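Got your viewer open and a cup of something warm beside you? Let's take a walk through this protein, one selection at a time.

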Amino acid sequence: MSQSTDSQSRALLGRLRESLAVEGAGQERLDRITHIIADSMGCEVCSIYLFRDDETLELCATEGLNPESVRKTRMRLGEGLVGRVAKTSSTINTDDAPSAPGFRFMPETGEEIYSAFLGVPIQRLGERLGVLVVQSKTVRKFTEDEVYALEVVAMVVAEMTELGAFVGEGAALSARHQQPVLFRGGIGQEGAAEGHVYLHEPRVVITNVIADDPVTEKARMQDAVDHLRISVDDMLAAVGNGTGAEHKEQMQVLETYRMFANSKGWMRRMEEDIDRGLSAESAVEKEQSTARTRMGQVPDAYLRERLHDLDDLSNRLLRILTGQGASTGAEMPLDPILVARNIGPGELLEYGRKLRGIVLEEGSVGSHAAIVARALAIPLVINARRITTEALNGDHIMVDGEQGIVHLRPDESVVEAFKDKIAMLAKDQERYTSIREKPAETLDGAMLTLSMNAGLMADLPSLESSGAQGVGLFRTELQFLVRNKMPKRAELAALYSHVLEAADGQRVVFRTLDIGSDKVLPYMNSQDEPNPAMGWRAIRVGLDKPGVMRMQLQALIRASAGRPLSIMFPFIAQSEEFYAARDYLDKELKSEARLGHTVPQTVEVGAMLETPSLAFAPRKFFESVDFISIGGNDLKQFFFAADRENELVRRRYDTLNVSFLSLIEQIVNRCNETGTPVSFCGEDAGRPVEALCFAAMGLRALSMRPASIGPVKSLLRRSNLAEVKAVIEDARARGDQSVRPAVLEWMRSR
Ligand code: PEP
Ligand code: MG
């Protein structure tokens, strides 16, 4: 790159900075910028298009095009050359614009006479803000240096937009981070909450975008990169020579960090940007922005991960340069709603019950963070795209976990409606509290047992508050998932003992480790499986590598200390697996007794029915198990061959589909024939209408999230099961696909 191009670019940025320093309304500034760019680049036209909404670009300022078209000319994303630049986040440089593919004739602008067109995206950290265009009558292609210079200017415009430089009276732009924004995400945990944003990782704010002394900036950059290299080496040393999958992964990430931190190309590109007039911070951010844009475009998962690493590393570098640490000292508001890209279960537990709500940009329903949020009964919305780029610490925010909606900086009418919703939910809650001690008995006298699902100590207070009749499913793997190393037997025994004490004599069904599939323990070697949900998981791991399962069984026996003990084995697909697992338990019982430990007063051993195959097991199996618990989440995904984690198919098949209900009915009938107690512990047990239909199919025990016990009990107590059964039979006879419409209609009519 030539020295003269650098100084040209610096001169242009210098003029921009001077012009931005002058007081004036936002629109005036935008106009001045287009004038300066056109003048400096020797073009007749310079225009700035910014997004009006997600899909529409608007001409906000122009030098050279018809001024009347400002704020009138609009185009959709992908439409015309400007729309294409925005859509693809890439530069278009052509010497014959009217013949270029996608050119759209806009008579009101008078642009048809310009041949040369150079359009670059205006974006900040991968977020599209608009398009910057220069045009010229002369038939020419812009040089690489000119393209580069315009890209740097676009980045400055993006930064200025973020800082609100173009806002003011008569301006085309309204201030960013001040407007109400609605996010539609996914439901992670029901409930509604109002509060103020607390960012898990606050955004870095850059105020010095342009710098006129490249020598100083480069020295600052060098210092920061040296600092970064040392910290990466320190991290590598801290990780040390461990073994195991987690260690391997950590090392891999850190090695990538080191590679980037020492990458000459990375450093050179940033130094070139500084030469062109950017500050060290902006140069880092420009690289980061490019990485983020590419992240959204590369299909290869490995490459995407590496770009993620580069993004993280850039963040670290920015924090070093700006002195804005991970904790910026922002005080946690009294009613914090946590906003994060993603969060681990351990970190979430650290925040604990302080949080009113949680909004994640990524995350999934089955993620561990979601499980913890559910345990803590904190409303959670997942997949709220772009929330971390929009939300600022302290912003007013409302989280609607019932619908997966988030209102950021809501206006008055939304606030009012939302307050009504919260009040309504609170009223419902009151109603549920009033029936807490009452039985789950239907109008025609069927008595149900409603217990709760748990897995963390944080769940246990709900035993009392929800009115649950014991714990129908204790997911023991959660204790393994929230740690970073294998828990010891004594630790587990102490924990299980606590659980039994908290239950105070009520039944607690401990399910042995269900790992594999989505539940990967970082410290245990995991298999790379094409189909983990149908792979080496749960009891399959337990039987093939019985070490951990045996340790867990010993811990359970010791924790019982003579009290009754209920254990169930997950994911039993054929009866032999159950017999083999029970043999392990029998052996441990004998050996614990030999070692002098007090064995449980009684032991009941059950199997989880989570694959359709077990519903067809020999009668002997049903006679042998002490109880069966239907794991509806897995059973449903295998019955319909629809991945429970895949948003595209997750909701495709209704639980109240007659085929699935018939399967449930058949299981209940088989259990009744042999007098085997049967319960249902999948998420559907906690949905009132589903629970009612299960009861109509003959189920008398349901285990669910504590927050669902009230709503389920309330509906059961108001229903006549014989009537529901008749409605279901009618729907079946008619050939309905799902009984839901008929049941809902019946509910409405009553
Ligand atoms: C189930 O599959 O329904 C179940 C309760 O187990 P998990 O959700 O933990 O797989
Ligand atoms: Mg399961």
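Below is a list of stops, each with something to select and a note on what is there.

**Stop 1: the whole chain**

Before you click on anything, keep in mind that this is a predicted model. Show the chain as a cartoon and you'll be looking at 27 helices and 23 strands. Turn it around: along the principal axes, the C-alpha atoms fill a box of roughly 90 × 65 × 45 Å. Of the 750 residues in the chain, 54% count as buried. Take the contacts between residues at least 6 apart in sequence: 67% of them join residues at least 24 apart.

**Stop 2: colour by domain**

Now give each domain its own colour. Domain 1 covers 3-162, domain 2 is made of 181-202 + 328-425, domain 3 covers 214-322 and domain 4 covers 435-749, according to the domain assignment.

**Stop 3: where domain 1 meets domain 3**

Hide the rest for a moment and keep domain 1 and domain 3. Their C-alpha centres lie 30 Å apart. How many residues does the contact take from domain 1 and from domain 3? The contact takes 19 residues from domain 1 and 16 residues from domain 3.

The size of an interface is often given as the accessible area lost when the parts come together. Here, the area buried between domain 1 and domain 3 is about 1500 Å², and carbon and sulfur atoms give 52% of that. On the domain 1 side, select Leu-125, Tyr-148 and Met-155: these lose the most area to domain 3, together 42% of what that side buries.

Next, look for the polar side of the story. Between domain 1 and domain 3 there are three residue pairs in polar contact. Still on the side of domain 1 that touches domain 3, select α1 (3-21), β5 (116-124) and α4 (144-163), the elements that give two or more residues to it. Which element gives the most to this side? That would be α4, with eight residues. Colour this side by residue type and you'll get seven nonpolar, six polar and six charged residues.

**Stop 4: salt bridges across the interface**

Side chains of opposite charge can pair when their charged atoms come close. Across the interface of domain 1 and domain 3, two salt bridges turn up. Show sticks for Arg-124 and Glu-285, which form a salt bridge with their closest N and O atoms 3.6 Å apart.

Then select Arg-276 and Asp-145. Their closest N and O atoms are 3.4 Å apart, and this pair also forms a salt bridge. Why does the pair tie together parts that are 131 residues apart in sequence? Because Arg-276 lies in the loop between α7 (264-275) and α8 (280-295), while Asp-145 lies in helix α4. Try a surface view as well: Arg-276 counts as buried, at 0% relative accessibility, whereas Asp-145 is partly exposed, with a relative accessible area of 25%.

**Stop 5: more charged pairs**

Zoom out again, because there is plenty left to find: the count comes to 49 salt bridges by the rule used here. Jump to Glu-723 and Arg-750, a salt bridge whose closest N and O atoms are 3.6 Å apart. Glu-723 sits in helix α26 (residues 721-734) and Arg-750 in the segment after α27 (740-749), 27 residues apart. Glu-723 counts as partly exposed, at 33% relative accessibility.

While you're there, select Arg-734 and Asp-736, a salt bridge with its closest N and O atoms 2.9 Å apart. Is Arg-734 buried or exposed? Arg-734 counts as exposed, at 53% relative accessibility, and Asp-736 counts as partly exposed, at 23%.

For a group rather than a pair, select Glu-477, Arg-511, Asp-514, Arg-537, Asp-634 and Arg-644, which are linked in a network of salt bridges.

**Stop 6: two last residues**

Select Arg-475 in strand β17 (residues 471-475). Arg-475 is buried, with a relative accessible area of 14%. Leave aside its neighbours within four places in sequence, and Arg-475 is in contact with residues including Asn-453, Gly-455, Arg-511 and Glu-683.

Finish at Ala-561, in the loop between α18 (547-560) and β19 (565-572). Ala-561 counts as partly exposed, at 48% relative accessibility. Now add Pro-600: Ala-561 and Pro-600 are 39 residues apart in sequence, and 6.1 Å apart in space, C-alpha to C-alpha.

Terms used: Residues are numbered from 1 along each chain as its sequence is written. Chains are lettered from A and ligands numbered from 1 in the order in which they are written. This is a predicted model: local features need pLDDT of at least 70, side-chain atom pairs count only at pLDDT 80 or more; totals for chains, interfaces and linings use all residues. Side-chain values use heavy atoms; hydrogens and water are left out. Domain bounds come from an automatic or database domain assignment. Contact means heavy atoms within 4.5 Å. Buried area is the accessible area (1.4 Å probe) that two parts lose on being put together, summed over both. A salt bridge is a side-chain nitrogen of Lys or Arg within 4 Å of a carboxyl oxygen of Asp or Glu. A polar contact is a pair of N or O atoms within 3.5 Å; within protein, one must be able to donate a hydrogen and the other to accept it, and residues adjacent in sequence count only if both atoms are side-chain atoms. Helices (H or I, at least four residues) and strands (E, at least two) are DSSP runs, numbered from the N terminus. Ala, Val, Leu, Ile, Met, Phe, Trp, Tyr, Cys and Pro count as nonpolar, Asp, Glu, Lys and Arg as charged, and the others, Gly among them, as polar. Buried means under 20% relative accessible area, exposed over 50%, partly exposed in between (1.4 Å probe, protein chains only).
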